[in-house]
Amino acid sequence: MTITATPGAPPATGRHPHRPRHWLRAGWLMTASGWSANQFSALLGAYRADLGLTTAATTGLFGVYVLGLVPALLLAGPLADRHGRRPLVYAALAVSFLSTCLLMAGPAATWLLWPGRFLTGLGAGALLTAGSAWVKELSSPPHGTAATPGAAARRSGLFLSAGFASGGLAAALIAQWSPHPMVMAYLPHLLLATAAAVSAARVPETSPSLTSPSLTRTLRLHNVNTEGLRRVASGSTSAANAGAANANAVDRTDARTNGAKTNGAKTNAAEANGANAAKDLAANAPAGGAGGAGAAGRRAPTRSFRRLVLPVAPWVFAAPAIAFAVVPGLVDAGLDGWETAYAGIITAVTPGAGLLVAPLARRLAARHRVATALAGLATVAVGLLVAALAVAHTQPAVALLAAALLGAGYGLCVAHGLTEVAALAPPHRLARLTAGFWAVCYLGFCAPYAFTLLSGAFSPPAILIAAAVLAALTLAVVALRGVRTAS
């Protein structure tokens, strides 16, 4: 028998139908966020040399970024879940744009650097929270075709790392050779932010609370079937029937509320739909019981987040912050006239190494839940030891190796955190849990300021060695908890 194709019908290739890559358009917003955060880091030496700022002042400016960022992270999560990703992202981008304009005015009035850095953190925090959730949701069905939630979540980290790597390098190279370096170095971010805003103009909203009219009913089903779903996941037929009956009860409640009458045929259809919904919810429930909307369901992901994500999170940015805000100023004594370019190279090498380890992070995550975190913490510890060696002997080349190791550790740790958050958070709480993760991550940006305070009593190599020991202790704690979780 010959089969004739219907005119105008798409060819039956067996592939997924083409979907617009909205996640790619939104991802440039994350790149703009990373660019704005790191463009200042590469100019710390230039601010000391050209504007006469002290080391304490420059590290303070580096740290005040966190004062704006952490509250923005904590507030933007609930707001993004309630009002949507798009409005938060564009408001954050506008704040980031304004902050860069204030930094450009810094050479004329140095006091403007302080509100500029504060607003940089404010904009970056809100953009990270809403943007990470937006990119993750745009990468997942029905908007995208990412294979797993973890793969979808890691995309925002890759875009962010790209911004970190390119922003610092571009700012440093411009400052090294262009006229008016403290002004011209910030122009690329303004151009990138504008282009990213235009690129994402037609990207759809993805917040479940705004795009899914049946979300409330789904969550009610989820509450009723919390125990039944666990049994469905393990293959219990009786639990599936119980889930269907409970779903039918919810349907009847909805019907009475709306004044509708349910006949026998509709009841049977509701039972079948309820069973399918129960199976779907069980199949998609995140590890650790994140799918439960009841008290026990909320405690399980919170406990896993606290035990396996929070200990790793501060090292996500403590490692790169030490690499490009502390180490360059301790090893560039012999780089007369090239200090700014060298700092820019380090700010590119550090997050660039984080990008390169992305395939390794995927393979490690497939082997064990905490394998990526353990590899990241071990790499950070080794990187800090190499940094101590470079500082002790004033070796810029060795410091570049240390920066690469610290950047690789950053990439592995951030991949672990984003993957865990994607697995633990139910859709209506994704932005909130993402915000909590980033808030703890960015506490690591206080590391350079802590280093400055401790340097009055201890030598820089000793402080770096102590930090390496602390990273190793964190590794031991996470390894022990990971073994207990697996058992």
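## Salt bridges, cysteines and cavities

Cys 101 has a relative accessible area of 33%, so this cysteine ranks as partly exposed. The model you are looking at is predicted, and this briefing walks through its cysteines, its salt bridges and its enclosed spaces. In brief, there are two salt bridges, zero disulfides and two cavities of 30 Å³ or more.

**Cysteines**

- No disulfides turn up in this structure; the number is zero.
- Cys 413 takes part in no disulfide, and the nearest cysteine sulfur belongs to Cys 441, 8.8 Å away. A disulfide would need the two sulfur atoms within 2.5 Å.
- Cys 413 has 0% relative accessibility, so it counts as buried, whereas Cys 101 is partly exposed.

**Salt bridge between Glu 137 and Arg 85**

- One of the two salt bridges joins the side chains of Glu 137 and Arg 85, with an N to O distance of 2.5 Å.
- Glu 137 belongs to helix 5 (residues 113-139) and Arg 85 to helix 4 (residues 85-104), so this contact ties together parts that lie 52 residues apart in sequence.
- Both partners are on the inside by accessibility: Glu 137 is buried, and Arg 85 is buried as well.

**Salt bridge between Glu 420 and Arg 369**

- Glu 420 pairs with Arg 369 in a salt bridge whose closest N and O atoms are 3.0 Å apart.
- Glu 420 sits in helix 20 (residues 396-424), while Arg 369 is in the loop between helix 18 (358-367) and helix 19 (371-393), so the pair ties together parts 51 residues apart in sequence.
- What is the accessibility of each partner, buried or partly exposed? Glu 420 has 6% relative accessibility and therefore counts as buried; Arg 369, at 25%, counts as partly exposed. The cut-off for buried is under 20%.

**Cavities**

- Searching the whole structure gives two cavities of 30 Å³ or more.
- The second largest cavity has a volume of about 40 Å³.
- Which residues line the second largest cavity? They are Asn 38, Phe 164, Phe 317, Pro 320, Phe 324, Pro 351, Tyr 410 and Phe 445.
- Helix 15 (residues 313-325) supplies the largest share of that lining, with three residues.
- By residue class, the lining of the second largest cavity has seven nonpolar residues, one polar and no charged.

Conventions
Residues numbered from 1 in each chain as written. Predicted model: local features only at pLDDT ≥ 70, side-chain atom pairs only at ≥ 80, totals over all residues. Heavy atoms only, no water. Salt bridge = Lys/Arg side-chain N within 4 Å of Asp/Glu carboxyl O. Helix = DSSP H or I, 4+ residues; strand = E, 2+ residues; numbered from the N terminus. Buried < 20%, exposed > 50% of the residue type's maximum accessible area, 1.4 Å probe, protein only. 1 Å grid on protein atoms, 1.4 Å probe; cavity = no way out; pocket = protein on both sides within 12 Å on 5 of 7 lines; lining within 4 Å. Points joined across faces, edges and corners; volume = space filled by probe spheres on them. Nonpolar A, V, L, I, M, F, W, Y, C, P; charged D, E, K, R; others polar.
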